[in-house]
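Please open the structure in your viewer and keep the sequence beside it. This tour proposes a series of selections and states what is found at each stop.

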Amino acid sequence: MDFSSRARQAGISLDDTLRLLEAQAALARVDDAGVLARRTCELARGLIEADGASFVLSEGEHVFYVEEDVPGALWRGRRFPVGECISGWAIRHRRPAVVTDAARDERVPWVLYQPTGVKSLAMMPMGGAEACRGAIGLYWSREHTASARELFLLEVLAEAAASALAHAEAPPRAEGPRADGSPSLGAPPLRWLLPVLLRDMTPPLDTILLGARALLLGGELGTEDLRQVEHILSGVARARHQVDQALAYASRHVREGLRLAVSPTRMDVLARHVVDAAREAFPHRRVDFVAQEVLGSWDASRMAEALQHLVRGALQQGSPEHPVTLRVEARPSESYVEVHTEGVCIPEAQLPGLFSPPLTPPEAGRPEELGLFIVDQIVRAHGGRIQVRSTPREGTRFMLHLPRHQPSPIPPPGEHRP
């Protein structure tokens, strides 16, 4: 059974999916293992409404209770043999442990649990079968059997925590694609939940769209009401288009990865076409173009799509009195592309999540979120990286650093790559 089917069978709602994506985003921003352990415990309790949570690491023949989020205290800072605790059982067997009655389950050392008031618990291994890093525990002071929904939420959170832990412990490295060349769409298996979220958003948007059209065709609206309905139609149509775009990208990543049709391409010529199209679409705006001749191997249609998103977003968000500049340069080890907008400053707090999939409507003064998500995926698929610098004085610059040549097309996940 695929991951989306499992999510539906477990009864995962749209709200659950949003909260999971928010949790993954929160963990992905943590670069300290201790902070990660505390944040994971807080998120676990919040997602599943348990009375307590713990973060346990595997240390060979022992387990270490690194952190916990409980009203009192359990075992934070203590180590136990793997064979003498429930977290060790979950780690050793690589599967979740669900305990309804801690006093009657032989896997639970009741002598340790009796003074704590814990009646029921669930322990989820953290990490894959080949490298189980530890476990996340949930505790209830009443008798409770963890449901399929609760276990699913805990499983996804455990995967996200394991991925974040590996990142926190890894030495610093430059951004880029995965070792197999495939772009990243977030910590597995959360990337599989994005299509679920997007598909669930489609029916209510269609309902609003149909209702607004029915009102418009009724012919009994006043001038102000007519303007409001037209505004609703415009907004919903745009949201529906964004959902369709995101679903297409998310589904493509899930099924086959982002494939590239690489061929010799003049980046300056490609960028010139993007500028010409922007000037035609925004005839009253100034779009400057500065370019050197740059020849490389890229997917021309995807790179044009990325530049179109950046330039269009800059024109939509920028002030009419300020120009937008697209710059292309040939550098010794890379191709450099920059889109600069004067008079626009993105708040510093928004920068870390600027290229993440959108979870809420765009905020005022922030470039189109879905467009930036797509741009980031295209740039990463080409082995490049994108940076943003934004200050009140200089405005906003999106800077693309791209290798001149792609070694080979990116294969789908699971396909052999020598």
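A residue is called buried under 20% relative accessible area, exposed over 50%, and partly exposed in between. E394 is partly exposed, because its relative accessible area is 38%. Please keep in mind throughout that this is a predicted model.

**The whole chain.** Begin with the entire protein chain, which contains eleven helices and 13 strands. Of its 418 residues, 48% are buried. Among contacts between residues at least 6 apart in sequence, 64% join residues at least 24 apart.

**The sheet.** Next, select the six strands of the open sheet, whose order is β3-β2-β1-β6-β5-β4 with antiparallel pairing. At its edges are β3 (79-81) and β4 (97-99), each of which pairs on one side only. From one strand to the next, the twist averages 20°. Now restrict the view to β1 (residues 52-59) and β6 (residues 134-140), an antiparallel pair with six bridges. Within this pair, S54 stands opposite G137 in β6. Then add helix α4 (residues 86-93), which packs on the sheet and touches β1, β2 (62-69), β4, β5 (120-126) and β6. The direction of α4 makes about 40° with that of β5.

**A buried glutamate.** Select E68, which lies in strand β2. Which side chain of opposite charge is nearest to E68? That side chain is R76, 4.9 Å away; E68 is buried yet has no salt bridge. A salt bridge requires a side-chain nitrogen of Lys or Arg within 4 Å of a carboxyl oxygen of Asp or Glu, which explains why this pair does not count as one. Instead, display the backbone: the nitrogen of W75 lies 2.9 Å from a polar atom of the E68 side chain, and the backbone nitrogen of R76 lies 3.0 Å from a polar atom of that side chain. Leaving aside neighbours within four places in sequence, the contacts of E68 include C41, A53 and S54.

**Salt bridges.** Side chains of opposite charge can pair when their charged atoms come close. The whole structure holds 19 salt bridges. Select D101 and R104 to see one of them, with the closest N and O atoms 3.2 Å apart. D101 is partly exposed at 26% relative accessible area, whereas R104 is exposed at 74%. Move on to R331 and E334, joined by a salt bridge at 3.9 Å between the closest N and O atoms. Here R331 is partly exposed at 30%, while E334 is buried at 16%.

**Last stop.** Finally, select E394 and R397, whose side chains meet in a salt bridge of 4.0 Å, N to O. Add E338 and R389 to display the network of salt bridges that links these four residues.

Terms used. Residues numbered from 1 in each chain as written. Predicted model: local features only at pLDDT ≥ 70, side-chain atom pairs only at ≥ 80, totals over all residues. Heavy atoms only, no water. Pairing = 2+ DSSP bridges. Helix = DSSP H or I, 4+ residues; strand = E, 2+ residues; numbered from the N terminus. Axes fitted to C-alpha atoms, helices over the stretch in contact; angles between N-to-C directions. Contact = heavy atoms within 4.5 Å. Buried < 20%, exposed > 50% of the residue type's maximum accessible area, 1.4 Å probe, protein only. Lys, Arg positive; Asp, Glu negative; His and termini not counted. Polar contact = N/O pair within 3.5 Å; in protein donor to acceptor, adjacent residues only side chain to side chain.
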